[in-house]
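Student: Could we go through this model together? I would like to begin with a single residue and work outwards.

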Amino acid sequence: MVFLDSENDSSSASQSASRHSNVNNKVIDLEDSSANGILRHKALQCANLYEYLITLPEDVIDTLFSYPIICLAVYRDLPDIGKHYVMRVLFVEQPVPQAVIASWVGQEYSKEHTEVVEVLSKLKVWQEASIPGGLPAWALNITFKKNLKVAIFGGGSSWGCNPNMEADTKARDVEYLDKYAMERWECVLHYMVGSQQQEGISADAVRILLHAGLMKRDDDDGSPVITRDGFQFLLLDTPAQVWYFMLQYLDTVYARGMDLAQCLAFLFQLSFSILGKDYSTEGLSESLLTFLQHLREFGLVYQRKRKGGKFYPTRLALNMTRQKGKSEISSQEGFVIVESNYRVYAYTDSNLKVALIGLFTELLYRFPNMCVGTLTRDSVCMALRSGITSEQIIRFLTLHAHSLLVAKGGPVIPPTISDQIRLWEKERDRFNFTEGILYSQFLSHSDFSVLRDYASEQNCLIWHCDKRRTMVVTKQGHDDVKKFWKKHSKGPISNC
Amino acid sequence: MAVYGGAERSLLVIIFDVHPCQKIITNHQHRFHQVLEAVIAFSNGHLLMKPDNRLAIIGCHSGASDYIFSDKDYAVVPTGINDGQYELFAHVEKCIRKNIKQFLSKMSNNLPAGESLLAGACGMGLCYIQRMKRELPIGDKMNSRILVLTGSNDSASQYMNYMNVFFTAQKENVVMDVCTLEHDQGLLQQGCDITGGAYLKTPQQQGLLQYLMWVFLPEPPLRKKLVLPPPVKVDYRAACFCHRQLIDIGYVCSICLSIFCKFSPICTTCHALFKTPGPPPSKPKKKKPKM
């Protein structure tokens, strides 16, 4: 069922709706899914670690918990209160009554408590247990508990790759690694926007891009082209991009005959490793070595020689799990200045960045070291149409704001600009979709008003028009209203 | 990519009292070891919370205060033992053990008598926090707090230094937590109250780590959500400047607000001159009916 915001519009909508209900005494159930699909774009869903883990089957999660490093990553991803819950029961050897845990949080925050409890149970970090006396209690997952303790205090068995103890004769410093990582990563992004530099990306990477739905085969010649999701992907910040990309990669891990748990554990070990330190490949299984080669291609690790026996994790791998608090991110400097006259100045010589700016601005000039564009209604609407959201645009502009702007303090984008971008998006959101059932063709006004009042009492009345004696009731409320109507009318001339 | 305003980190400075006269150290042979283990575990617990969390530990006794762990130690050197422990934690543990050993071995045999220089160590902590704030990437926020861990006796000899530290901390939005192992510390209690920190005298020493984790691990913004021990009634008596004794009623210099337990014609702090004590307070009352 389609409704417009303003009163005038809604009457026309009801007209179209009532036309459907010409059949006498019949309730029409209008399906809205098709209309919904056209007008609402699904924003690119970049799951965080939690959202990813709860999609995994239980036995996989259990295997994952057998790696201390994953326990650490899971722990860091918990909500703040949840971290303290786990910490408090970490050394308690018996289940803790649920009521006790609930009393750890102030009354006014009990909603947060419920959320935290849900997260912890969904992640299988703790399970329901019963204690003598029949009270419900929570008990930490034994594997998780054991391995989190190992991660914090040590005393477990060795796993994965060891850091090389003797110094590398040709050691690479952090700067070099950063440069290398960004080069590799931008190579992938360049490929996506179809820039000229297309060498250096393997068929495997292309396959993942296709699998992730970031690119699709062109209908004409079968060459990969960027999709709507791809555009949104480009506007994400680098760590989010890497994480999204890795999740898509992990999806294909089964098909490659690798062990998901092992790959994930290795990935997390990388993300908890030391930047600028070389690690030994000794003791890694064959499939992990293949995995390492893939990571090398995307710039997550640096290896001088394929058979060199050592590798350096780069900042890309390190930043993977920190989605929210990113502080010491790469060497890239901000380059965008947004003025309150809608002009956007981008100090960059990279085609990729210019192309990104061009996604939502009208480019005016291009100089060797900078380009100038304006944010216009048309250009922003174009971007919105291609599936980018206003938040993504604003986030992109803030994220890449020139360091001078950031240093000045205050809002990085002029508030007028960010508000306007949001308003332009709102412009497109004038439709509200609600599924509902139409009641019409009442014989008398009293019948209509009785039913209308009943429905509004039940909070299921979406819309009504006294003049036409029509009303629309939510789907959930339909059964109730129908029953009421049957009881009310009793007579043979029932409307429903 | 210059990311602005995103990360919120928290800096914890632990002031660790290692004065050898503390009863809990002298009474039980292994107790000091236990306290040290608890401090290490608690430090790692803090670093575990958020990837950007920072830590500093300052050790102090009656002769000196020194950094046990600071930003100089952040370059992680692999320990070479791969037992599943997160490399950073292993490194922190190793560093703390090494440095505290060094600090204790430097302690001279004839320590100056008196209590630990806790106020001085707190001052060091504040300076450290100030420096870390300056070095923070633009736009980042940092919650800083100081945790004083001590088993020393309560004494008012450092009253002035304490007050300076407390009010500086309050001005700089640094929260001061105090965990005393043995005696109630009136002055430090005041500090907690002034800066909005938590104060706890551990009821028993065995579970020190658990107490630390419960009360002091949550960072201040989170504490209002958790139910923590209620604040104790604070003894707000001041110490006089002449004998460093806690007094209920005393003389206050009208110029510089110094406190004295006995009348003195010259203020020792600002050298202001006072006339001999005025008429006892009962006299003016007698005058009134005459008027």
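Tutor: Certainly. Tyr342(A) is a suitable start: 20 other C-beta atoms lie within 10 Å, so this residue counts as buried. Please keep in mind that the model is a predicted one.

Student: Where does Tyr342(A) sit in the chain?

Tutor: Tyr342(A) belongs to the loop that links β11 and β12 of chain A.

Student: And what is notable about its phi?

Tutor: The phi of Tyr342(A) is near 70 degrees, which is a positive value in a residue that is not glycine. For context, most residues other than glycine have a negative phi.

Student: How are the two strands beside that loop paired, parallel or antiparallel?

Tutor: β11(A) and β12(A), the latter spanning residues 343-346, run antiparallel and are joined by three bridges. Within this pair, Val338(A) has Val344(A) of β12(A) as its bridge partner.

Student: Which sheet do they belong to?

Tutor: They are part of an open sheet of four strands in chain A, ordered β11-β12-β14-β13, with antiparallel pairing. β11 (336-338) and β13 (362-366) of chain A are the edge strands; each has a single partner, so one side of each lacks a neighbour in the sheet. From one strand to the next, the twist averages 20 degrees.

Student: What other open sheet does chain A have?

Tutor: There is one of three strands, in the order β3-β5-β4, and its pairing is antiparallel. Here β3 (96-97) and β4 (126-130) of chain A stand at the edges with a single partner strand each, so each has one side without a neighbour in the sheet. β4(A) is joined by five bridges to β5(A), residues 136-140, and the two run antiparallel. In that pair, Ser130(A) is bridged to Pro136(A) of β5(A).

Student: Changing topic to helices: at what angle do α11 and α13 of chain A cross?

Tutor: The axes of α11(A), residues 203-212, and α13(A), residues 238-251, cross at roughly 95 degrees and come within 9 Å of each other. Angles of 65 to 115 degrees count as roughly perpendicular, and α11(A) and α13(A) are therefore described in that way, as roughly perpendicular to each other.

Student: Which residues make the contact?

Tutor: From α11(A) they are Ile208(A), His211(A) and Ala212(A); from α13(A) they are Gln248(A), Tyr249(A) and Asp251(A). By type, the residues of this contact between α11(A) and α13(A) comprise three nonpolar, two polar and one charged.

Student: Is anything annotated on chain A, and if so, what does the UniProt record cover?

Tutor: An unreviewed UniProt entry carries the annotation "domain: Transcription factor Tfb2 C-terminal" for residues 419-486 of chain A. Over residues 419-486 of chain A, the model is 51% helix and 25% strand, with the end C-alpha atoms 50 Å apart.

Student: Now chain B. How many helices and strands does it have?

Tutor: Chain B has nine helices and 10 strands. Of its 291 residues, 38% count as buried. When contacts in chain B between residues at least 6 apart in sequence are considered, 66% join residues at least 24 apart.

Student: What would be an example of a pair far apart in the sequence of chain B?

Tutor: Val35(B) and Leu149(B) are separated by 114 residues in sequence, with their C-alpha atoms 9.5 Å apart in space. Val35(B) is in helix α2 of chain B, residues 31-49, and is buried, with 22 other C-beta atoms within 10 Å.

Student: And Ile194(B), what does it touch?

Tutor: Leaving aside residues up to four places away in sequence, Ile194(B) touches Phe166(B), Phe167(B) and Gln170(B). Phe167(B) is 27 residues from Ile194(B) along the chain, and their C-alpha atoms are 7.5 Å apart. Ile194(B) lies in helix α6 of chain B, residues 186-195, and counts as partly exposed because it has 17 C-beta neighbours inside 10 Å.

Student: Where in chain B is Asn173(B), which has a positive phi?

Tutor: Asn173(B) is in the loop between α5 (159-171) and β5 (175-180) of chain B. Its phi is near 60 degrees. With 15 other C-beta atoms within 10 Å, Asn173(B) is partly exposed.

Student: Last one: how many residues form the hairpin between β2(B) and β3(B)?

Tutor: The hairpin joins β2(B) to β3(B) through four residues. The strands, residues 54-60 and 65-69 of chain B, run antiparallel and are held by four bridges. Gly59(B) has Asp66(B) of β3(B) as its bridge partner.

Key: Residues are numbered from 1 along each chain as its sequence is written. Chains are lettered from A and ligands numbered from 1 in the order in which they are written. This is a predicted model: local features need pLDDT of at least 70, side-chain atom pairs count only at pLDDT 80 or more; totals for chains, interfaces and linings use all residues. UniProt positions are given in the numbering used here, feature names are shortened, and annotations may be inferred rather than shown by experiment. Two strands pair if DSSP finds at least two bridges between them. Axes are lines fitted to C-alpha atoms, for helices over the stretch in contact, and angles run from 0 to 180 degrees between N-to-C directions. Angles under 35 degrees count as roughly parallel, over 145 as roughly antiparallel, 65 to 115 as roughly perpendicular and the rest as oblique. Two residues are in contact if their C-beta atoms, placed from the backbone, lie within 7 Å. Ala, Val, Leu, Ile, Met, Phe, Trp, Tyr, Cys and Pro count as nonpolar, Asp, Glu, Lys and Arg as charged, and the others, Gly among them, as polar. A residue is buried if 20 or more other C-beta atoms lie within 10 Å of its own, exposed if 12 or fewer, and partly exposed in between; C-beta atoms are placed from the backbone.
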